[in-house]
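Colleague: Thanks for sitting down with me. Could you take me through this model and explain the terms you use for it?

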Amino acid sequence: MYILLYSIINHLKIYIMKNLILSAIFALVAVISLTQPILIPGTKYPFYSDIIKFTDGDVNGLAAWEIVPLNKNIKWNPSPIPLNEKLVQQNLLKSLNAFRKQYGKKPLKLSSKISNDLKYSVETNSSIIDTWGCYGYFNEFNIVQQFENREEKFCDYQFDVMSIGSELFFTMINSKATVVGFYYKQNKQESTYNFEVYIK
């Protein structure tokens with residue numbers, strides 16, 4: 001009777017220990033998965049953003065990335081928050097260089113020539129090879145409504161969106177690049193904005 005009871009207790013101890021070890025392993029895996037950074041698609045680089053995240057999406061049967069604001073309480077007002085055009089323009093270089101710094105890259109210098117070329121290309125409806133452009137609506141301004149420095153964060157948002165594409169991301173962090181040019185213009189009549197960037 002004593003031997004049988006001793007055997008049962010031993011088996012019970014082993015069972016409890018196994019369960020404790022398994023629970024610890026599952027807990028460790030859960031913690032690792034929560035702390036593991038999201039990678040930029042097609043790269044081994046982490047995606048840094050305090051504005052948006054992205055998820056797998058599907059548009060008309062084609063693979064795509066769905067961009068989702070981190071702020072779940074955004075008020076998508078018909079009349080979006082205003083952004084100062086000049087302040088956005090002034091913060092573009094600062095924002096891009098802050099982005100590059102996260103990946104250990106040197107800051108770029110602003111090229112007036114490239115910026116003027118971009119302006120000319122937009123005004124004449126011509127194109128410059130390897131230029132990244134975005135034509136959007138004022139409604140996107142709401143994405144940064146919770147921030148005090150909205151113009152700067154809107155610039156961050158633009159570069160966050162750009163970085164989701166691996167080809168653009170590698171252009172943005174190109175260690176051989178030295179200069180950059182920008183074009184940013186708001187159209188109040190149509191409630192749209194036009195953003196162009198060229199990194200060289």
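**How the pieces pair and pack**

Modeller: Happily. Strand 3 and strand 5 pair in the parallel sense, over two bridges. Keep in mind that this is a predicted model.

Colleague: How do you know that strand 3 and strand 5 count as paired?

Modeller: Two strands pair when at least two bridges are found between them, and strand 3 and strand 5 have two bridges, so the rule is met. One place to look is Lys109, which stands opposite Val179 in strand 5.

Colleague: What lies beside that spot, around Thr178?

Modeller: Thr178 sits in the loop between helix 5 and strand 5. Apart from its neighbours within four places in sequence, Thr178 is in contact with Leu108, Lys109 and Lys200. Thr178 and Leu108 are 70 residues apart along the chain, yet 5.0 Å separates their C-alpha atoms.

Colleague: What makes strand 5 and strand 6 a pair, and in which sense do they run?

Modeller: Strand 5 (residues 179-187) and strand 6 (residues 192-199) share eight bridges, in the antiparallel sense. The rule asks for at least two bridges, so these strands pair as well. Tyr184 has Phe195 of strand 6 as its bridge partner, and Lys185 stands opposite Asn194 in strand 6. The two strands form a hairpin with four residues between them, and Ser191 in the turn has a positive phi of about 55°.

Colleague: Which order do the strands take in the whole sheet?

Modeller: The order is 3-5-6-4, in an open sheet of four strands with mixed pairing. Strand 3 (109-110) and strand 4 (132-137) are the edge strands, each pairing on one side only. Helix 2 (residues 85-102) packs on this sheet, touching strand 3, strand 5 and strand 6, and its direction makes about 155° with that of strand 5. Helix 3 (residues 112-123) also packs on the sheet and touches strand 3, strand 5 and strand 6, at about 40° to the direction of strand 5.

Colleague: Why is helix 2 called oblique to helix 4?

Modeller: The axes of helix 2 and helix 4 (residues 150-163) come within 8 Å and cross at roughly 50°. That angle is neither under 35 degrees nor over 145, and it falls outside 65 to 115, so helix 2 is oblique to helix 4. Their crossing is right-handed. Residues making the contact include Leu92, Leu96 and Phe99 of helix 2 and Phe154, Cys155 and Phe159 of helix 4. By class, the contact has eight nonpolar, three polar and four charged residues.

Colleague: And what makes the rings of Phe99 and Phe169 an edge-to-face pair?

Modeller: The count comes to 21 aromatic pairs in this model. For Phe99 and Phe169, the ring centres are 6.2 Å apart, within the 6.5 Å limit, and the planes stand at 80°, over 60, so the pair is edge-to-face. This pair links distant parts of the chain, with Phe99 in helix 2 and Phe169 in helix 5 (residues 166-172), 70 residues apart.

Methods:
Residues numbered from 1 in each chain as written. Predicted model: local features only at pLDDT ≥ 70, side-chain atom pairs only at ≥ 80, totals over all residues. Heavy atoms only, no water. Contact = heavy atoms within 4.5 Å. Axes fitted to C-alpha atoms, helices over the stretch in contact; angles between N-to-C directions. Left-handed = near helix turned anticlockwise from the far one by under 90°. Nonpolar A, V, L, I, M, F, W, Y, C, P; charged D, E, K, R; others polar. Phe/Tyr/Trp six-rings, centres within 6.5 Å; stacked < 30°, edge-to-face > 60°.
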